[in-house]
Amino acid sequence: MSTTPPREQFLLISALGRNPMELTNVLCRASQENRCAVVSSRLTRHGEFCALVLQISGSWDGLARLESGMSALSKRHGFTANVTRSNALEVRPQALPYVAYVSAAYRPDILNELCQFFIDHRVELENLTCDTYQAPQTGSTMLNATITVTLPAGTQISWLRDQFLDFADALNLDALIEPWRPQHP
């Protein structure tokens with residue numbers, strides 16, 4: 001008999017719908033009805049639609065019931081959903097969370113340039129938020145991005161910070177990178 005605990009499994013649900021409150025309510029209720037729990041969620045509005053991503057935990061049979069019922073649930077409530085099985089994220093005790101803040105006049109290449117910089121430096125992306133807006137003073141389209149990354153163990157932080165600031169200067173980005181801090185200590 002094995003004494004190894006089973007690996008925790010998750011169901012990731014990404015859903016698109018028009019009504020954020022209804023979408024969240026329907027999916028959270030379905031999770032609870034199948035004896036599962038919402039571990040994390042993110043909801044954002046994009047034009048007339050909203051995008052909801054849920055990480056659900058539960059027993060294998062609860063997750064299977066929720067997964068198999070998703071097509072009928074999405075059809076009944078008028079949203080689209082993708083469902084994917086996942087395991088827990090590997091523990092990275094030596095990794096360091098950092099946040100990069102970027103503001104600039106909008107150009108379509110900025111996000112891929114930022115991602116390429118972090119790829120080139122073996123930095124993992126954890127979270128990305130990007131918005132554009134019209135500057136009230138000039139009418140120019142501006143971009144604000146907040147990028148949460150994880151620096152691998154052994155990263156020389158001052159060197160990476162200098163590299164990032166030089167990179168940002170070369171692209172004419174107003175940028176800052178600093179240690180991640182909890183929003184609510």
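This report walks through two sheets, the helices packed on them, and a few charged and polar side chains. Keep in mind that the model is predicted.

**The S1–S4 sheet**

Let's start with the sheet built from S1 to S4. Four strands form an open, antiparallel sheet here, and reading across it the order is S2-S3-S1-S4. S2 and S4 (80-87) sit at the edges with a single partner strand each, so one side of each has no neighbour in the sheet. From one strand to the next, the twist averages 15 degrees. S1 (residues 9-17) and S4 are antiparallel partners, joined over eight bridges. If you want a spot to look at in that pairing, Phe 10 stands opposite Ser 86 in S4. Helix H1 packs on this sheet, where it touches S1, S2 and S3 (49-58), and its direction makes about 165 degrees with that of S2.

**The loop after H1**

Between helix H1 (20-33) and strand S2 (36-46) there is a loop, and Asn 34 lies in it. Is Asn 34 buried or exposed? Its relative accessibility is 14%, which is why Asn 34 counts as buried. A polar atom of the Asn 34 side chain lies 2.8 Å from the backbone oxygen of Ala 30. Setting aside neighbours within four places in sequence, Asn 34 is in contact with Gly 62, Arg 65 and Leu 66.

Arg 35 lies in that loop too, but at 58% relative accessibility it counts as exposed. Its side chain meets that of Asp 61 in a salt bridge. Asp 61 belongs to helix H2 (residues 60-77), so this pair ties together parts that are 26 residues apart in sequence.

**Salt bridges**

Across the whole structure, a search finds six salt bridges. Here are some of them, including the Arg 35 pair:

| Salt bridge | N to O distance |
|---|---|
| Arg 35 and Asp 61 | 3.7 Å |
| Asp 61 and Arg 65 | 3.3 Å |
| Asp 109 and Arg 107 | 3.2 Å |

Which residues are linked with Asp 61 in a network of salt bridges? They are Arg 35 and Arg 65. Within helix H2, Asp 61 and Arg 65 are four residues apart, so about one helical turn separates them. Asp 61 counts as partly exposed at 26% relative accessibility, and Arg 65 does as well at 32%.

As for the Asp 109 and Arg 107 pair, Asp 109 is partly exposed at 28% relative accessibility, and Arg 107 is partly exposed at 27%.

**The S5–S8 sheet**

Further along the chain comes another open sheet of four strands, antiparallel in its pairing and ordered S6-S7-S5-S8. Its edge strands are S6 (124-134) and S8 (174-179), and each pairs on one side only. The twist here averages 10 degrees from one strand to the next. S5 (residues 96-105) and S7 (residues 141-151) run antiparallel and are joined by ten bridges. Leu 96, for its part, stands opposite Leu 151 in S7.

Helix H3 (residues 110-120) packs on this sheet, touching S5, S6, S7 and S8, and its direction makes about 20 degrees with that of S7. Helix H4 (residues 157-170) lies across S5, S7 and S8, and runs at about 165 degrees to S8.

Conventions:
Residues numbered from 1 in each chain as written. Predicted model: local features only at pLDDT ≥ 70, side-chain atom pairs only at ≥ 80, totals over all residues. Heavy atoms only, no water. Helix = DSSP H or I, 4+ residues; strand = E, 2+ residues; numbered from the N terminus. Buried < 20%, exposed > 50% of the residue type's maximum accessible area, 1.4 Å probe, protein only. Polar contact = N/O pair within 3.5 Å; in protein donor to acceptor, adjacent residues only side chain to side chain. Contact = heavy atoms within 4.5 Å. Salt bridge = Lys/Arg side-chain N within 4 Å of Asp/Glu carboxyl O. Pairing = 2+ DSSP bridges. Axes fitted to C-alpha atoms, helices over the stretch in contact; angles between N-to-C directions.
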